[in-house]
Amino acid sequence: MPELPEMETYRKMLTDRIAGARIVGTEVTREKSINLSAEAFDSELTGRTVWFVERRGKYLLFHLDNGKRLVLHLMLGGLLFFGNEEERPDRTVQVTIQFEEGSLYFIGLRLGFLHLLSVKEADAKLSELGPDPFDKRLTASAFAARFKKKRGAIKTSLIDQHVVSGIGNCYADEMLFAAGIRPDTKIPLLAESDWERLHEAMHKVLVEGIERGGYMELPFTAGDTLTGGYNDHCAVYDRPNEPCRVCGTPIVQIELSSRKAFYCPSCQKEI
Ligand SMILES: [Zn+2]
């Protein structure tokens with residue numbers, strides 16, 4: 001599932017192409033992906049201009065010139081492509097938004113969605129999201145305080161969107177590796193110095209993910225060489241039994257709240 005770096009990469013590339021651009025048409029082949037009929041969606045959107053694209057956690061918000069927002073969550077398997085019919089990947093497209101310069105294709109939206117909402121509705125929908133990892137007010141101690149009442153494994157809360165938004169399975173494992181903390185460590189056992197290391201590792205890993213263009217498997221446009229640069233870069237995520245890149249110890253895979261977690265038993269010491 002795309003996480004903060006993947007959505008941030010999309011946001012930047014979308015901004016380059018559609019900020020200030022006018023929508024000239026839409027096509028919906030799966031009405032379940034939107035919150036209106038295909039007809040109403042088309043008449044609401046055609047002629048509107050996208051002012052800018054904002055990211056909140058793993059969501060993207062397309063701000064329209066009439067004050068409404070298109071709220072996108074890709075969930076599992078969703079992706080975006082910008083270009084024309086000849087360039088686009090040979091995958092089922094659920095929604096297309098056409099601009100003068102090209103079309104934005106929403107692909108693989110089986111669980112994902114694209115909803116047209118008023119400001120109030122959008123705020124209500126996102127009201128329970130925790131702070132963004134890059135929120136300036138989220139200092140190391142404010143970060144630690146978000147976990148105060150939790151007792152379970154650190155990874156389970158790290159990917160809880162109410163605690164902090166934008167972190168998922170892959171980057172959680174990577175930041176725990178960078179901080180030298182095992183994913184199954186019980187939250188009450190973490191000391192102040194552990195929170196400081198994890199807070200720093202969170203920024204470091206997410207910044208690196210963004211700089212490398214995240215791990216999405218398909219490019220956003222023809223000729224896009226940025227997207228997917230984080231693939232093959234993971235230190236522990238999805239590398240069971242492979243040698244740790246730091247110490248050579250085989251990476252261990254465990255299950256936490258029915259999700260996989262990966263760690264190096266040597267670099268990440270048990271507390
Ligand atoms: Zn190691």
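A residue counts as buried when its relative accessible area is under 20%. Keep that cut-off in mind, and remember as you look around that this model is predicted.

Let's start with Pro183, which you'll find in the loop between α6 and α7. Its relative accessibility is 0%, so Pro183 is buried. What does this proline touch? Setting aside neighbours within four places in sequence, Pro183 is in contact with a long list of residues, including Ala153, Ile154 and Lys155, then Asp173 and Leu176, and further on Ile254, Leu256, Phe262 and Gln268. Here's a nice example of how a chain folds back on itself: Pro183 and Glu255 are 72 residues apart along the chain, while their C-alpha atoms are separated by 9.8 Å.

Step back along the chain from that loop and you come to helix α6, made of residues 169–179. Is this helix enclosed or not? Of its 11 residues, 10 are buried, so the rest of the structure largely encloses it. Among the buried ones are Asn169, Cys170, Tyr171, Asp173, Leu176 and Phe177. The cover over these buried residues includes three other helices, α1 (4–18), α5 (154–158) and α7 (192–211), plus the strand β10 (259–263). Just after α6 comes Gly180, with a positive phi of about 70 degrees.

Since β10 is part of that cover, let's look at it next. Strand β9 (residues 252–256) pairs with β10 in the antiparallel sense, over 5 bridges. If you want one matched pair to look for, Glu255 stands opposite Lys260 in β10. The two strands form a hairpin with 2 residues between them, and in it Ser257 takes a positive phi near 45 degrees. Ser258 also lies in the loop between β9 and β10. Its phi is near 60 degrees, again a positive value in a residue other than glycine. Ser258 is exposed, because its relative accessible area is 66%. Another positive phi near 60 degrees belongs to Asp238, which isn't a glycine either. You'll find Asp238 in the loop between α7 and β9.

Now for the metal. Which residues hold the zinc ion? The zinc ion is coordinated by the SG atoms of Cys244, Cys247, Cys264 and Cys267, at 2.2 to 2.4 Å. Along the sequence these donor residues follow the spacing C-x2-C-x16-C-x2-C. The angles among the 4 donor atoms run from 99 to 112 degrees, and the site is tetrahedral. For comparison, the ideal angle for four tetrahedral donors is 109.5 degrees. The cysteines aren't all equally hidden, either. Cys264 is buried because its relative accessibility is 0%. At 25%, Cys267 counts as partly exposed, and at 35% so does Cys247.

What about cysteines bonded to each other? A disulfide is a covalent bond between the sulfur atoms of two cysteines. A search of the whole structure turns up 0 of them. Take Cys234, which is in no disulfide: the nearest cysteine sulfur, that of Cys170, is 3.6 Å away. To count as a disulfide, the two sulfur atoms have to be within 2.5 Å, so this pair doesn't qualify. Cys234 is buried, because its relative accessibility is 11%.

Next, find the open sheet, where 4 strands line up in the order β1-β6-β7-β5 with antiparallel pairing. The edges belong to β1 (23–28) and β5 (79–83); each has a single partner strand, so one side of each is left without a neighbour in the sheet. On average, neighbouring strands here are turned by 15 degrees against each other, ignoring direction. At the β5 edge, β5 pairs with β7 (residues 102–107) over 5 bridges. One pair to spot there is Leu80 with its bridge partner in β7, Phe106. Two helices go with this sheet. Helix α1 lies across β5, β6 (93–99) and β7, running at about 25 degrees to β5. Helix α2 (residues 38–45) also packs on the sheet, touching β1 and β6, and its direction makes about 170 degrees with that of β1.

Let's finish in helix α7, where you'll find His199. Its relative accessibility is 11%, so His199 counts as buried. Not counting residues up to four places away in sequence, His199 touches Leu138, Thr139, Ala140 and Phe143. To get a feel for distances in this model, look from His199 to Gln94: their C-alpha atoms are separated by 38 Å.

Conventions: Residues numbered from 1 in each chain as written. Predicted model: local features only at pLDDT ≥ 70, side-chain atom pairs only at ≥ 80, totals over all residues. Heavy atoms only, no water. Donors = N, O, S within 2.8 Å, 3.2 Å for Na, K, Ca; no water. Tetrahedral: all angles 85-135°; square planar, octahedral: opposite > 155°, others 65-115°. Buried < 20%, exposed > 50% of the residue type's maximum accessible area, 1.4 Å probe, protein only. Contact = heavy atoms within 4.5 Å. Pairing = 2+ DSSP bridges. Axes fitted to C-alpha atoms, helices over the stretch in contact; angles between N-to-C directions.
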